[in-house]
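Hi,

Here is the structure I promised to pass on. Have a look at it first, then read my notes below.

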Amino acid sequence: MFQQLGVIGCGLMGGSFALAMKKAGLVKRVVGYSKSPSTTKQAKKLGVIDVAAESALLAVSGSDIVLIAVPVSATESTLKAIRHLVNPGVLFMDVGSTKCDVIEAARRALGERAASFVPCHPIAGKESGGVQHADATLYEGRQVILTPQPFTNPQLVQLATDVWSALGTTVLKMRPHNHDAAFAAVSHLPHLLAFAYFQAIAEQPAARDYLSLAGPGFRDFTRIAAGEPSVWRDILLANKHEVLAQSKRFRTMLDQLEALIETGDAAALEAALRPIAEGRAAWNLPSLPAVPPGRPAAK
């Protein structure tokens, strides 16, 4: 059991981690800090944290495990603020959706102390952010990607694996570049498309009429366009090269399908759509093994 968890960023992700740690009996006390004092106050009122810290440094002080749950663009400044308390043996993790930029930020901010930082990306979330939506079960049955570097302390990598596994997740390891390329394809580009598609409808003169006729397909397709804009601004900019590469691939396929529509070639259009439909029908979300909550090695 950990004596103290320090949470920097008491929103959905950080708050859910704190609740999950409490639920699993893995921590005695949670100290939290958020840039907005009202968020920290609400987190304490909801029982997400036990103590509200006045700074990120105070949230780290006395903690033997720390979760950094801030926008990826704030990673470097956050790590600089806590640098002097990033000590060997203390596990520091993040939850950022991009990893190459986060790792470089850790290098710049921490230097040799970056060995204590284990980059993480839990594949979980909700459309609605904020500590009021924190959920102790958010991570159960989900995947968590770790992208440790050669200089990362292997004992802390194992400890991070044990912690996430104890919360009911399946832990995978990837190289940062491979991670960013993969999630540009299956997460970042879909969000960009959802934003663009919804706005393309919303800015039309008859948008209200069109939206009143929309059904479940439209709802499901555009659901992720309700994501927090500041979060997706950071993700799209941090991973812009991979996102733009995927966007070009999408444009190429869209151009091909549009050309078939333009020519009115029904047989060719059906022939193009059929393998796509069959491929999607055969695909399912990866089924993850049930992992009963457990306990990582005692600290």
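**Two helices that cross**

Helix 7 and helix 11 pass each other in a right-handed crossing. Before you go further, keep in mind that this is a predicted model.

To find the pair, look for residues 176-202, which make up helix 7, and residues 240-263, which make up helix 11. Their axes come within 8 Å and cross at roughly 60 degrees. That makes helix 7 oblique to helix 11.

So which residues actually meet there? From helix 7 you get His-177, Asp-180, Ala-181, Ala-184, Ala-185, His-188, Leu-189, Leu-192 and Leu-193, and on the helix 11 side Glu-242, Val-243, Gln-246, Ser-247 and Phe-250. Sorted by type, the residues of this contact come out as eight nonpolar, four polar and two charged.

**Salt bridges**

How many salt bridges does the structure hold? There are ten, and here are some to click on.

Start with Asp-50 and Lys-22, whose side chains meet in a salt bridge with an N to O distance of 2.9 Å. Asp-50 sits in the loop between helix 2 (37-45) and strand 3 (51-52), while Lys-22 belongs to helix 1 (residues 12-23), so this pair ties together parts that are 28 residues apart in sequence. Are these two buried or exposed? Asp-50 is partly exposed, with a relative accessible area of 32%, and Lys-22 is partly exposed too, at 27%.

Next, try Asp-94 and Lys-99. Their side chains also form a salt bridge, 3.0 Å from N to O. Here both Asp-94 and Lys-99 are buried.

Then there is Asp-234 with Arg-233, a salt bridge in which the closest N and O atoms are 3.0 Å apart. What about their accessibility? Asp-234 is buried, because its relative accessible area is 7% and buried means under 20%. Arg-233, with 46% relative accessibility, counts as partly exposed. This pair therefore joins a buried residue, Asp-234, to a partly exposed one, Arg-233.

Last on my list is a group of three: Glu-76, Lys-80 and Arg-108 are linked in a network of salt bridges.

If you want a route through the model, begin at the crossing of helix 7 with helix 11, then go to the bridge between Asp-50 and Lys-22, and finish with the network of Glu-76, Lys-80 and Arg-108.

Cheers

Key
Residues numbered from 1 in each chain as written. Predicted model: local features only at pLDDT ≥ 70, side-chain atom pairs only at ≥ 80, totals over all residues. Heavy atoms only, no water. Salt bridge = Lys/Arg side-chain N within 4 Å of Asp/Glu carboxyl O. Helix = DSSP H or I, 4+ residues; strand = E, 2+ residues; numbered from the N terminus. Buried < 20%, exposed > 50% of the residue type's maximum accessible area, 1.4 Å probe, protein only. Axes fitted to C-alpha atoms, helices over the stretch in contact; angles between N-to-C directions. Parallel < 35°, antiparallel > 145°, perpendicular 65-115°, else oblique. Left-handed = near helix turned anticlockwise from the far one by under 90°. Contact = heavy atoms within 4.5 Å. Nonpolar A, V, L, I, M, F, W, Y, C, P; charged D, E, K, R; others polar.
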